Amino acid sequence: MTEILRANATTIQKAWELLKNGEVVVIPTETVYGLWADATNDAAINKIFAAKGRPQDNPLIVHVDRKTSIDHYATVTYDLEKKLIEQLMPGPLTIILPKKDSISKAATAWLDSVGVRIPDHITAQQCIRASWTAIAAPSANISWKPSPTSASMAHRDMNNKVPLIINGGNCVWWIESTVVKVVSETEILILRPGMITKEDIKDIVGEDIIVQYSSKHQEQSPGTRYTHYAPSGKVQIINALHKKTIEELLSQGHNIWLIATKEFLSKHKNIINHFTNPQTPQDDKPATLQPITTFPWWSHLKLTECAQSLYNLYHKCDDLHMSIILIENLPEKGIGLAIMNRVKKSTKE
Ligand code: TXA
Ligand code: MG
């Protein structure tokens, strides 16, 4: 049985005692809930991979409590790395650095590098500080499923797999950290887009520095090879809504959920009404196309809020047994890049 306890001094002590004893514990960060283990302990690390069903060649991010701790576990060389650490940590940023021997080889999938992050979350910081070690933590979901952003979401995947879940309330960002790698004095690769956008990084490092995200760099980040973030239903990215397609899917017996911005809903309101309005001739059939009119904050003007609700909506799709999830293709700019990165990975193609 897995205990869920509210974060306080007593439960944080319980968490770090478990961590010191080589156990795995679920603890919140500001991005998503993490599945934590001592990054210097091989046996503990193996428990993370077992609980998640994670392929052994997918390295974990290592979390430290403060900037000065990074030196114990990794080597900072480039000025650009120093700048990113100085300006963006603690926060939702992971930087790939050459690894030192103190970190378990299993944690980094036997790579020479390690992803380092300083979470900006009081409970996470207190747990790391109290345990006097670095913490390896992937998101606390079964591999390929959406990341949890609350204790109850983490419980769904990790019940009976870990002794303790610390409940620190909802996360702040609800999407995983931006993963970056500095490859020269003038170039930064974004391996996984996130809430810290390419534009944010450019603002800090200056216009002369190349900051790029490209799927062709994905071999540099083993985790990006795998399907991720997926609800049980099939996710399809759409640019427009076609009556014929919906009819075909409904005739195949699918339950369809539409995740789209209010701009998209308004553009396609006739077709949405056709399938959902009880006054239409479709009345004799149960309406199974469910547009999310209850999420009015989905808007092109509010992409942060879209990103923050994505995993929650995916979890809801599972609760409602939706077999098809149609999701609007959003422009891949700013936070839109992070959203579409997660959405594309969830299509299982
Ligand atoms: O926000 C987050 O980053 C959350 C919280 C818990 O910190 N963690 C998280 O971890 O999302 P995970 O394991 O779900 O994703 C780690 C990503 C994977 O895509 C992995 O391939 C990449 O980081 N990564 C980790 N170490 C790496 C390395 N040494 N080189 C390249 N990519 C690495
Ligand atoms: Mg993950």
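Which residues are linked with Arg66 in a network of salt bridges? They are Asp65 and Arg129. The views below look at this and other spots in a predicted model.

**View 1. Asp65, Arg66 and Arg129 form a salt-bridge network.** Here the three side chains belong together as one network of salt bridges. For context, the structure holds ten salt bridges, and the next three views each pick out a pair.

**View 2. Lys47 meets Glu23 in a salt bridge.** The N to O distance between these side chains is 3.4 Å. Lys47 sits in helix α2 (residues 42–52), while Glu23 belongs to the loop between α1 (9–20) and β2 (25–28), so the contact ties together parts that are 24 residues apart in sequence. Lys47 is partly exposed, at 35% relative accessibility, and Glu23 is partly exposed as well, at 27%.

**View 3. A salt bridge joins Asp319 to Arg156.** In this view the N to O distance is 3.0 Å. Asp319 comes from helix α11 (residues 303–319) and Arg156 from helix α6 (residues 151–158), so the pair ties together parts that are 163 residues apart in sequence. Asp319 has a relative accessible area of 48%, which makes this residue partly exposed. Arg156 also counts as partly exposed, at 40% relative accessibility.

**View 4. Glu176 and Arg342 share a salt bridge, and both residues are buried.** Their side chains meet at 2.8 Å, N to O. Glu176 lies in the loop between β8 (164–167) and β9 (178–184), and Arg342 lies in helix α12 (residues 335–345). The pair thus links distant parts of the chain, 166 residues apart.

**View 5. Eleven strands make up an open sheet.** If you would like to trace the sheet across, follow the order β1-β8-β2-β3-β7-β4-β6-β5-β9-β10-β11; the pairing is mixed. The edge strands are β1 (3–6) and β11 (210–213), each pairing on one side only.

**View 6. Strands β10 and β11 run parallel.** Moving in on one edge of the sheet, we find four bridges joining β10 (residues 187–192) to β11. Ile190 stands opposite Tyr213, a residue of β11.

**View 7. Five acidic residues form a negative surface patch.** The members to look for are Glu199, Asp200, Asp203, Glu207 and Asp208. One of them, Glu199, lies in helix α7 (residues 198–205). Glu199 is partly exposed, with a relative accessible area of 38%.

Terms used: Residues are numbered from 1 along each chain as its sequence is written. Chains are lettered from A and ligands numbered from 1 in the order in which they are written. This is a predicted model: local features need pLDDT of at least 70, side-chain atom pairs count only at pLDDT 80 or more; totals for chains, interfaces and linings use all residues. Side-chain values use heavy atoms; hydrogens and water are left out. Patches are made of residues with over 30% relative accessible area and no salt bridge: like charges are joined within 9 Å, nonpolar side chains (Val, Leu, Ile, Met, Phe, Trp, Tyr) within 5 Å. Accessible areas come from the Shrake-Rupley method with a 1.4 Å probe; for residues, only the protein chains shown count as cover. A salt bridge is a side-chain nitrogen of Lys or Arg within 4 Å of a carboxyl oxygen of Asp or Glu. Lys and Arg count as positive and Asp and Glu as negative; His and the chain ends are not counted. The place of a charge is taken as NZ of Lys, CZ of Arg, CG of Asp or CD of Glu. Helices (H or I, at least four residues) and strands (E, at least two) are DSSP runs, numbered from the N terminus. Buried means under 20% relative accessible area, exposed over 50%, partly exposed in between (1.4 Å probe, protein chains only). Two strands pair if DSSP finds at least two bridges between them.
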